[in-house]
Amino acid sequence: MSQLSRLINILTLLKSRRVLTATELSQRYDVSIRTIYRDIQKLIASGVPVVTLEGKGYTLMDGYTVAPVQFTEKQANALITAHHLVNKSKDASFVKDFEEALIKIKSVFRSSVLEKSEILHSKIHVFGPQQENLASNSLSELQLAITNLNYVEINYRKANDTHISFRKIEPYVFFSTENKWILLAWCHLRNEYRAFRVDRIQHFKILPEKFVDRKFNIQDYFAAQAYEYKKHNHGDS
């Protein structure tokens with residue numbers, strides 16, 4: 001990769017991500033950290049307001065804009081394919097927000113790429129096993145609660161249970177399985193991490209009050225779940 005191409009790519013990454021380290025960039029472009037230092041200085045010299053965060057990395061000054069990025073046909077096709085997969089989601093808010101984002105992205109497609117992407121859109125179909133007819137409309141709001149560390153109050157109904165319980169939770173992680181979104185959160189009712197199916201949340205309220213991040217790690221969570229299952233079914237080893 002030429003230096004000019006690398007500088008353009010670094011600028012695009014800086015605009016799309018909050019903070020980048022010199023180590024990350026050197027590994028990504030297979031150059032030395034010293035080369036990255038020189039690249040950053042060239043960007044600054046050309047008028048790009050790159051800010052160095054001591055001990056963290058590089059970011060762009062707030063408000064700085066970059067000319068629209070041109071997408072290749074393959075990149076556009078990847079977005080169209082993702083659109084079809086997103087449409088299988090059972091959460092209406094997530095589908096709506098993705099569609100609105102895609103409209104903005106497609107506005108910078110070259111006309112030839114846009115035309116071909118529309119052709120591809122009609123030629124992709126995603127099928128899956130029949131799922132129970134449950135849906136949600138809360139994913140987008142709950143995502144904001146995760147990133148802003150807001151407490152959430154929910155009314156939750158377990159599977160095969162008509163009782164609805166009230167919970168105050170600290171939301172941490174989403175994962176998706178079998179077209180169902182699962183929220184992992186600290187539950188103040190149970191005083192432990194619990195998994196909640198988003199489509200079983202009957203009502204929710206995001207509170208302005210913020211919680212202290214417990215540094216939840218999903219790998220540790222699943223490892224602990226596997227250990228408890230093994231201990232319960234096979235005894236301690």
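## Counting the salt bridges

How many salt bridges does a search of the whole structure find? It turns up eight salt bridges. Keep in mind that this is a predicted model. Let's walk through some of the pairs.

## A link between two helices

Start with Lys-116 and Glu-73, whose side chains come together in a salt bridge with an N to O distance of 3.6 Å. This pair ties together distant parts of the chain: Lys-116 sits in helix H6 (residues 111-121), Glu-73 belongs to helix H4 (residues 73-86), and the two are 43 residues apart.

Are these two residues buried, exposed or something in between? Lys-116 has a relative accessible area of 43%, so it counts as partly exposed. Glu-73 is partly exposed too, with a value of 35%.

## A pair within one helix

Now look at helix H5 (residues 92-106), home to both Lys-96 and Glu-100. These two form a salt bridge, and their closest N and O atoms are 2.9 Å apart. Because they are four residues apart in the helix, about one helical turn separates Lys-96 from Glu-100.

How open are they? Lys-96 is partly exposed, at 47% relative accessibility, and Glu-100 is partly exposed as well, at 39%.

## One more pair to find

Further along the numbering, try picking out Glu-192 and Arg-194. Their side chains meet in a salt bridge, with 3.2 Å from N to O.

On accessibility, Glu-192 comes out as partly exposed, with a relative accessible area of 36%. Its partner Arg-194 has 24% relative accessibility. Buried would mean under 20%, so Arg-194 still counts as partly exposed.

Terms used
Residues are numbered from 1 along each chain as its sequence is written. This is a predicted model: local features need pLDDT of at least 70, side-chain atom pairs count only at pLDDT 80 or more; totals for chains, interfaces and linings use all residues. Side-chain values use heavy atoms; hydrogens and water are left out. A salt bridge is a side-chain nitrogen of Lys or Arg within 4 Å of a carboxyl oxygen of Asp or Glu. Buried means under 20% relative accessible area, exposed over 50%, partly exposed in between (1.4 Å probe, protein chains only).
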